[in-house]
Amino acid sequence: MTTTKDLSKHPCFNRESAGSCGRVHLPVAPKCNIMCNFCNRKYDCVSESRPGVTSAILTPEQALVYMDKVLEKEPRITVCGIAGPGDPLANPETLEAIRLLHAKYPQLLFCLSTNGLALPTYAAALAELGVTHVTVTVNAVDPKIGARIYSWARDGKVIHRGEAAASLLLSRQIEGIKILKEHDLIVKSNTIVIPGVNDQHVVEVSKMLSGLGVDIQNIMPVFPVADTPFADVPAPTHELIHGLREQAKDLVPQMTHCKRCRADAVGLLGKDLSGEMAGILGDCSRSIPGVDLSKRPYVAVATREGMLVNMHLGEAHKFQIWKQDGDAFALVEERYAPEPGNGTKRWIDLAKLLIDCRAVLVAACGETPRKILADTGVMPYECSGLVETVLAEVYGTGDLTLLKSRRKGLGKACCGGGGEGC
């Protein structure tokens, strides 16, 4: 039986519903395939509202549990969105999360935001999974201007730079939007205004979007962020943004009520609950649905030298086994991994080896072993940083500066791949 959905109940695409319909962004997508010169995802304050930040990362299974709790707290949620903190289509977990959520909550509208680099590959699949709305960020239609906005773009294992990166991204955006419209999805485009870079170019972007049949454009000001190439770019004035919207409104309908939401935003646009829900989000990110954590006291770590999480799951020939010891952590033992080969049997054997572990910390992990491990309750965490720093996040011991660990002054661990070296 097909569920009829009221497409007007998306508060970002329809301002009339913003006061009565809410959205939740599920942070299941930490990796990104491009590097924007205005982006820095290392920092997070629960009172800060900007794209790319979240208080925690969820697996698809954890997202399902979190959605249950969100709807208990705010039943006016009509939209389930995935907006990062990286690019959703650079993370295979995105499609699995949508599949699980759509099966349980078919009445919800499903949307995602993407830079568009991988959109042609997944656009048709999104329609099949029940996605109704997609936002594609298009900041330039001239590769010379795009080269000033993007540092690099990673297509598979190949990294493109400069105009080559901007040209590739633009071609994928155009192709992807065409496929979305062929499948009757509603498409919004975000265009970030960067003074001195693309502010004189925005109307050209609008013209192209109009030709592609984009339903609505969100011309939005850049958010200057520390430690980025655009950190010192002045924020666009209200007059500049208003003027650009006036010029573009006859080409593409304009969005004027954007809140520049976080990757874990939840609630009505005018009453965001992400700060209030941060504790629940954190609890869900450390949970293993259907698993009694009291019987999983350990965490396995793939490490070369014992200090850093820095090995791919497939290359680790042994794992350190750690446990929580009061406010610190103790190394229990080392376990040798199954020999390479034997296809999926290797990962089934590894799951049995780590059956008393709630998680395994790795620098990277393939989709097949991730699913096999997760299905047995061993959650793979792709991360980098000092072992004890990441252990603190997995065990949820709170403020890292309060830890009585053997190493002091630990910084926050990278959550998974925005930078080229991650």
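A disulfide is taken here as a pair of cysteine sulfur atoms within 2.5 Å, a cut-off applied below to a predicted model.

**View 1. Cysteines without a disulfide.** By this rule the predicted model holds zero disulfides. The sulfur of Cys-32 has its closest cysteine sulfur in Cys-36, and because the two are 6.3 Å apart, the distance is too far for a bond. Cys-32 is nevertheless buried, with a relative accessible area of 14%, and Cys-284 also counts as buried, at 3% relative accessibility.

**View 2. The whole protein as a setting for the close-ups.** The protein has 11 helices and 18 strands, and buried residues make up 53% of its 422 residues. Among contacts with a separation of 6 or more, 72% are accounted for by residues 24 or more positions apart. The accessible surface comes to about 18,000 Å², and carbon and sulfur atoms contribute 53% of that area.

**View 3. The largest nonpolar core, around Met-67.** This core has 47 residues, and those with the most contacts inside it are Leu-26, Tyr-66 and Met-67. Helix α1, residues 60-73, supplies the largest share of the core, namely five residues. When residues up to four places away in sequence are not counted, Met-67 touches Val-24, Leu-26, Cys-80, Leu-101, Tyr-105 and Leu-108. A second core, separate from this one, consists of 20 residues, including Ile-145, Leu-168, Ile-194 and Met-220.

**View 4. The eight-stranded open sheet and helix α5.** The strands of this sheet, which has mixed pairing, follow the order β9-β8-β5-β4-β3-β1-β10-β11. The edges are formed by β9 (216-221) and β11 (271-272), each of which has a single partner strand, so one side of each is left without a neighbour in the sheet. Within the sheet, β1 and strand β10 (residues 266-268) pair in the antiparallel sense over two bridges, and Arg-23 has Gly-267 of β10 as its bridge partner. Helix α5 (residues 162-182) packs on the sheet, where it touches β5 (133-137) and β8 (186-193), and the direction of α5 makes about 165 degrees with that of β5.

**View 5. Asn-14 and its contact with His-257.** Asn-14 is found in the segment before β1 (22-25), and at 23% relative accessibility this residue counts as partly exposed, because buried is reserved for values under 20% and exposed for those over 50%. Asn-14 touches Ser-8 and His-257, with residues up to four places away in sequence left out of the list. Although Asn-14 and His-257 are 243 residues apart along the chain, their C-alpha atoms are separated by 9.5 Å.

**View 6. Helix α11 and the strands that cover its residues.** Helix α11 (residues 387-395) is mostly covered, in that eight of its nine residues are buried. These buried residues are Val-387, Glu-388, Thr-389, Val-390, Leu-391, Ala-392, Val-394 and Tyr-395. They pack against β12 (298-301), β13 (308-309), β14 (318-325), β15 (328-336), β16 (357-362) and β18 (385-386). Just after α11, Gly-396 takes a positive phi of about 70 degrees.

Notes
Residues numbered from 1 in each chain as written. Predicted model: local features only at pLDDT ≥ 70, side-chain atom pairs only at ≥ 80, totals over all residues. Heavy atoms only, no water. Core = buried A, V, L, I, M, F, W, Y, C linked by side-chain atoms within 4.5 Å. Buried < 20%, exposed > 50% of the residue type's maximum accessible area, 1.4 Å probe, protein only. Helix = DSSP H or I, 4+ residues; strand = E, 2+ residues; numbered from the N terminus. Contact = heavy atoms within 4.5 Å. Areas by Shrake-Rupley, 256 points an atom, 1.4 Å probe, with all protein chains shown as cover. Pairing = 2+ DSSP bridges. Axes fitted to C-alpha atoms, helices over the stretch in contact; angles between N-to-C directions.
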